[in-house]
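Trainee: Could you take me through one part of this protein close up, and then show me how the rest of the chain fits around it? I'd like to start with a pair of strands and work outwards from there.

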Amino acid sequence: MINTIDLRDKLSAKGLRVTPQRMRVLEAIYKLNNHPTAENIISYIRKSDPNVGSGTVYNVLETLVEKNLIKKVKTEKDAMRYDGVLENHHHLYCIECDYIEDFVSEKLDGLLKVFFEENQIDNFIIDNIKLNISGNFIIHKNQNH
Ligand SMILES: [Zn+2]
């Protein structure tokens with residue numbers, strides 16, 4: 001589990017000033033650990049800091065994205081979500097309950113790599129492949145489903 005020192009280190013490693021707001025937002029993303037929306041993050045932080053403004057949280061989120069501390073994830077329902085996991089991974093997206101689960105498979109990554117080595121796309125250099133696999137979880141994992 002992430003602690004205060006780790007959070008500080010992550011911010012300063014990116015040349016960011018360590019502020020309580022940045023610490024709280026980053027902590028919320030790691031603790032929620034489920035590709036939270038900005039609203040999820042705001043309500044999580046308000047449990048301990050009822051006065052935090054949503055504008056502040058949005059600004060911090062933008063900064064953290066710019067500095068590559070977190071990533072944006074867009075769902076099929078067009079809601080922006082945030083991901084604290086930076087290692088390459090794919091997403092399983094539940095159409096019914098909007099839940100996103102990380103999907104990590106070296107085997108799949110290997111297959112994709114081989115495929116695109118053998119089938120190069122004209123006039124395009126691949127940087128990164130992230131699959132968004134949509135479907136339905138048989139047993140739903142969203143707490144409000
Ligand atoms: Zn993810």
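Mentor: Let's start with Val73, which stands opposite Arg81 in S2. Keep in mind that we're looking at a predicted model. Val73 belongs to strand S1, residues 71-74, and four bridges join S1 to S2 in an antiparallel run. Between these two strands there's a hairpin with five residues, and in it Asp78 takes a positive phi near 75 degrees.

Now follow S2 along to Asp83, because that's where the zinc ion comes in: strand S2 covers residues 80-83, and Asp83 lies in it. Asp83 gives the zinc ion an OD donor, and so does Asp102, while His35, His89 and His91 each offer NE2. These protein donors lie 2.1 to 2.2 Å from the zinc ion. If you like patterns, the spacing of the donor residues in sequence reads H-x47-D-x5-H-x1-H-x10-D. Look at that opening stretch, from His35 to Asp83. His35 sits in the loop between helix H2 (20-32) and helix H3 (38-48), whereas Asp83 is in S2, so the pair ties together parts that are 48 residues apart in sequence. Are these two residues buried or exposed? His35 has a relative accessible area of 6% and Asp83 one of 4%. Buried means under 20%, so His35 counts as buried, and Asp83 does too.

From the zinc donors we can step into the other sheet. His91 is one of the donors, and strand S3 takes in residues 90-94. This is an open sheet of three strands in the order S4-S3-S5, and its pairing is mixed. The edges are S4 (100-103) and S5 (132-135), each pairing on one side only. From one strand to the next, the twist averages 25 degrees.

Why call the pairing mixed? Check both sides of S3. Strands can pair through backbone hydrogen bonds in either a parallel or an antiparallel way. S3 and S4 run antiparallel, joined by four bridges, and His90 has Phe103 in S4 as its bridge partner. The hairpin of S3 and S4 has five residues between the strands, and Asp98 there takes a positive phi near 70 degrees. With S5, on the other hand, S3 pairs in the parallel sense, over four bridges. Here you can find Tyr93 with its bridge partner Ser134 in S5.

Time to zoom out. The domain assignment splits the chain into domain 1 (4-83) and domain 2 (90-135). Their centres, taken over C-alpha atoms, are 25 Å apart, and nine residues of domain 1 are in contact with 12 residues of domain 2.

Back at the beginning of the chain, have a look at helix H1, residues 4-13: at its start, a side-chain oxygen of Asn3 comes to within 3.0 Å of the backbone nitrogen of Ile5. Just after H1, Gly15 has a positive phi of about 75 degrees.

Put together, the chain has five helices and five strands, and reading along the sequence you get α-α-α-α-β-β-β-β-α-β. Of its 145 residues, 34% count as buried. Along the principal axes, the C-alpha atoms fill a box of roughly 55 × 40 × 30 Å.

Key. Residues are numbered from 1 along each chain as its sequence is written. This is a predicted model: local features need pLDDT of at least 70, side-chain atom pairs count only at pLDDT 80 or more; totals for chains, interfaces and linings use all residues. Side-chain values use heavy atoms; hydrogens and water are left out. Donors are N, O and S atoms within 2.8 Å of the metal (3.2 Å for Na, K and Ca); water is not among the atoms, so sites may look incomplete. Buried means under 20% relative accessible area, exposed over 50%, partly exposed in between (1.4 Å probe, protein chains only). A polar contact is a pair of N or O atoms within 3.5 Å; within protein, one must be able to donate a hydrogen and the other to accept it, and residues adjacent in sequence count only if both atoms are side-chain atoms. Two strands pair if DSSP finds at least two bridges between them. Axes are lines fitted to C-alpha atoms, for helices over the stretch in contact, and angles run from 0 to 180 degrees between N-to-C directions. Domain bounds come from an automatic or database domain assignment. Contact means heavy atoms within 4.5 Å.
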